[in-house]
Amino acid sequence: MTRQAFVHQALCYGSDEDFLDGAATFALDGLHADDTVLAVLAPRNIGLLGRALGPRSCAVEFVRADDWYGCPSRTLGRYHAYCAEHGTGGVGRPSRVRIIGEPVWPGRSEFETREWMRYESLLNVAFAGTGHWILCPYDTRVLPAVVVRSATRTHPELALGAGESTVSGRYADPADFCAECDAAAPAALPTGHDDIPFGRDRSAHARDALRSYARDLGVPEQRTHDMVAAVHEVMVNSVRHGGGRGVLRLRNDVEYVICEVTDIGTAKQIPAPPFPGHLPPDRRAERGHGMWVVRQLSDLLTETFDPRGSIVRLYFRRTATV
């Protein structure tokens, strides 16, 4: 099948045969069209698809899903970089990349699951205007019903197998879907005696406090460096656009070190950019890179930008992730 615009489909399958009917056809069609084909799948499905493709499997790049789907923002960044590298033909013309991308859903908390749903929705914005094609398998035998239902809202099309598809009648505009995710985000952290104020002349103090906090928790040195760099960027934004001063709150749980940056706000209404930091910035742009870098350095992030006072909460896993 030849299509020129970006295509994003969900393949909801209930058997190995259904999976192969959709995935193998998709891969073979791509190879026949001289597209680059990347398959990021659970190990079992890598084996199934590799055997089904036979000798043609050598032309497909296979990656284990759990080596790729570490956190939503970095995964989106990886796909963006992969398509940038492989999306140009030998004579410099655009070339299609086909991706079979199977997110890792088991073991996620409710918050993490929602952010991965958001990621699926954001793909429609991140790759709009390209000619790439992403097929996302969802195993209905093992996935929670809420995850399977979300696929119909985050994918404009549903794959039916053997190259056929239909429009999803439940597809939600990414702006609306992300607004729903924002509304369900965790509440702001309560104030505490150990809150760390910062301002134009006190950001170094806040960074030092964060380093000590991370060191006491046993966070590896490189991860601590990432944490400090990300939080510093958010504090700089608060100083510039949030009234000149704010508060850093540090908490932790079994999974994450949590860093929340709040500011006092400003009377001047500054419209928040759409999807702040979620989408790769234009490399030629002088501004707009900060929140993208923050999301690449952190594992999860929620934000509320408000002239009365903004809240940005960053989550860093206490163990390494991809």
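In which helix is Arg223 found? Arg223 belongs to helix α8, which covers residues 221-241. The legends below start with an overall view and then turn to single parts of this predicted model.

**Figure 1. Overall view of the predicted model.** The protein contains 9 helices and 12 strands. Its C-alpha atoms fill a box of roughly 60 × 40 × 35 Å along the principal axes. The radius of gyration is 21 Å, which agrees with the value near 20 Å that a compact globule of 322 residues would have. Of these 322 residues, 51% count as buried. Among contacts between residues at least 6 apart in sequence, 69% join residues at least 24 apart. The exposed area is about 15,500 Å², and carbon and sulfur atoms supply 52% of it. There are 36 positive and 40 negative charges, and the mean positions of the two sets are 4 Å apart.

**Figure 2. Close-up of Arg223 in helix α8.** Arg223 is buried, with a relative accessible area of 14%; the cut-off for buried is under 20%. Leaving out residues up to four places away in sequence, Arg223 touches Arg74, Leu297, Ser298, Asp299, Phe316 and Arg317. One of these contacts, Phe316, lies 93 residues from Arg223 along the chain, with 8.3 Å between the two C-alpha atoms.

**Figure 3. Close-up of helix α9, residues 290-297.** Of the 8 residues in α9, 6 are buried, so this helix is largely enclosed by the rest of the structure. The buried residues are Gly290, Met291, Trp292, Val294, Arg295 and Leu297. They pack against helices α3 and α8 and against strands β11 (300-304) and β12 (311-317). Leu297 also appears in the previous view, as a residue touched by Arg223.

**Figure 4. Close-up of the aromatic residues around Tyr69 and Tyr79.** The protein has 11 aromatic pairs. The pair of Tyr69 and Tyr79 is edge-to-face, with 6.1 Å from centre to centre and 65° between the planes. Tyr69 sits in the loop between β3 (61-64) and α3 (72-86), while Tyr79 is in helix α3, so the pair ties together parts that are 10 residues apart in sequence. Both tyrosines are buried. Together with Trp68, Trp116 and Tyr119, they form one aromatic cluster.

**Figure 5. Close-up of helix α2, residues 43-53.** The buried residues of α2 are Asn45, Ile46, Leu48, Leu49, Gly50 and Leu53. Their packing partners are the strands β1 (7-13), β2 (36-41), β3 and β4 (97-101), along with helix α1 (16-32). Gly54, just after α2, takes a positive phi of about 60°.

**Figure 6. Close-up of Leu248 in strand β9, residues 245-252.** Is Leu248 buried or exposed? Leu248 is buried, with a relative accessible area of 0%. Apart from neighbours within four places in sequence, Leu248 is in contact with Asp195, Ile196, Phe198, Ala206, Val231, Cys259, Glu260 and Val261. Ala39, by contrast, is 41 Å from Leu248, C-alpha to C-alpha, and 209 residues from it in sequence.

Terms used: Residues are numbered from 1 along each chain as its sequence is written. This is a predicted model: local features need pLDDT of at least 70, side-chain atom pairs count only at pLDDT 80 or more; totals for chains, interfaces and linings use all residues. Side-chain values use heavy atoms; hydrogens and water are left out. Helices (H or I, at least four residues) and strands (E, at least two) are DSSP runs, numbered from the N terminus. The radius of gyration is taken over C-alpha atoms; the globule rule is 2.2 Å times the number of residues to the power 0.38. Buried means under 20% relative accessible area, exposed over 50%, partly exposed in between (1.4 Å probe, protein chains only). Contact means heavy atoms within 4.5 Å. Accessible areas come from the Shrake-Rupley method with a 1.4 Å probe; for residues, only the protein chains shown count as cover. Lys and Arg count as positive and Asp and Glu as negative; His and the chain ends are not counted. The place of a charge is taken as NZ of Lys, CZ of Arg, CG of Asp or CD of Glu. Rings of Phe, Tyr and Trp (its six-membered ring) pair if their centres lie within 6.5 Å; planes under 30 degrees apart count as stacked, over 60 as edge-to-face and the rest as tilted.
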